[in-house]
Amino acid sequence: MSEGHKTASGLRWKEFHWQDCIVRITKKKVKNANLRIRPEEPQVIRISIPHAMTYDAGMKLLEQPRIRRWIENYQKKVNEPPAQPRMQNADRMEHVAYYRKRLRELLPGLIRKWEPVLGVRCNKVSIRDTRSQWGSCSIQTRNISISVWLGAFPEECVEYVVVHELTHLLESGHNERFYGLLDQYYPNWRSCREQLKHGVT
Ligand SMILES: [Zn+2]
């Protein structure tokens, strides 16, 4: 858990880590707890709870199967890479193999390049056949995982995802500091993010 932060409206939230997500719990004048995710920050789960409720009880909400399913479906939908033309199985495997090979060639150099720049150490990078997100970073283990489908994009986009995930080792949240660091180290990140969103290859 991190320090409480002040939101624009002066409310405080507390930040927790849950799976690959950041959970921000704000105590508010609400009757019932409610949960939101913004499409631009699908890894940030925002929960408002009544003042009488504890933060622990807020985190417990995430154990409810119904809520879990809702979060998973939401993140899948938002992060889905642009639809690929329907591929026959063999075709698909060929693509995956090609992307994987390309990423295996690109990633080690990018990690080596960016670790000293950002002053972080990443433990392990794995490539996964996942469509739910381009990359993720576990702050506890310092492991980074990259979607094999990122291999379909220009190198600058691959680099952006690497810098993004490594930056999480400095700042876990998608907050002002995080985007400030991206602006400082990889000013091109917005255009890369757009490409990843719209599938311009
Ligand atoms: Zn992130």
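Which residue takes a positive phi in the hairpin of β7 and β8? That one is picked up in the hairpin view below, after a look at the chain as a whole.

**Figure 1. The whole chain, a predicted model.** Six helices and eight strands make up the chain. Starting at the N terminus, you meet the elements in the order β-β-β-β-β-α-α-α-β-β-β-α-α-α. Of the 201 residues, 24% are buried. If you take the contacts with a separation of 6 or more, 49% of them link residues 24 or more positions apart.

**Figure 2. An open sheet of three strands, β6-β8-β7.** The strands sit in that order, and the pairing is mixed. On the edges are β6 (124–128) and β7 (135–138), each of which pairs on one side only. Going from one strand to the next, the twist averages 20 degrees. For the parallel part of the sheet, look at β6 and β8, which are joined by five bridges. Here R128 stands opposite S147 of β8.

**Figure 3. The hairpin of β7 and β8.** Back to the opening question: the residue is R142, with a positive phi near 60 degrees. Four residues lie between the two strands of this hairpin. Strand β8 covers residues 143–147 and runs antiparallel to β7, with four bridges joining the pair. Two places to check by eye are S138, which stands opposite N143 in β8, and G135, whose bridge partner in β8 is I146.

**Figure 4. Helices α3 and α4 against the sheet.** Helix α3, residues 89–118, lies across β6 and β8. Its direction makes about 160 degrees with that of β6. Helix α4, residues 155–167, packs on the sheet too, but the strands it touches are β7 and β8. Compare directions again, and α4 makes about 20 degrees with β7.

**Figure 5. Where α4 meets α6.** Two packed helices are described by the angle between their axes and the distance between the axes. For α4 and α6 (residues 189–198), the axes come within 9 Å and cross at roughly 110 degrees. Angles of 65 to 115 degrees count as roughly perpendicular, so α4 is roughly perpendicular to α6. On the α4 side, the contact is made by E156, C157 and Y160. From α6 come W189, C192, R193, Q195 and L196. Sort the residues of this contact by type and you get five nonpolar, one polar and two charged.

**Figure 6. C157 and the largest nonpolar core.** What does C157 touch, leaving out residues up to four places away in sequence? The list is L150, C192, Q195 and L196. C157 is also among the residues that touch the most other members of the largest nonpolar core, along with L150, V158, V161 and V162. That core holds 26 residues. At least two residues apiece come from α3, β8, α4 and α6. The largest share is from α4, which supplies seven.

**Figure 7. A second core, separate from the one above.** This one has seven residues. Among them are W13, V23, I25 and I47, so labelled here to help you find the spot.

Terms used:
Residues numbered from 1 in each chain as written. Predicted model: local features only at pLDDT ≥ 70, side-chain atom pairs only at ≥ 80, totals over all residues. Pairing = 2+ DSSP bridges. Axes fitted to C-alpha atoms, helices over the stretch in contact; angles between N-to-C directions. Contact = placed C-beta atoms within 7 Å. Parallel < 35°, antiparallel > 145°, perpendicular 65-115°, else oblique. Nonpolar A, V, L, I, M, F, W, Y, C, P; charged D, E, K, R; others polar. Core = buried A, V, L, I, M, F, W, Y, C linked by C-beta atoms within 7 Å. Buried ≥ 20, exposed ≤ 12 C-beta atoms within 10 Å, placed from the backbone.
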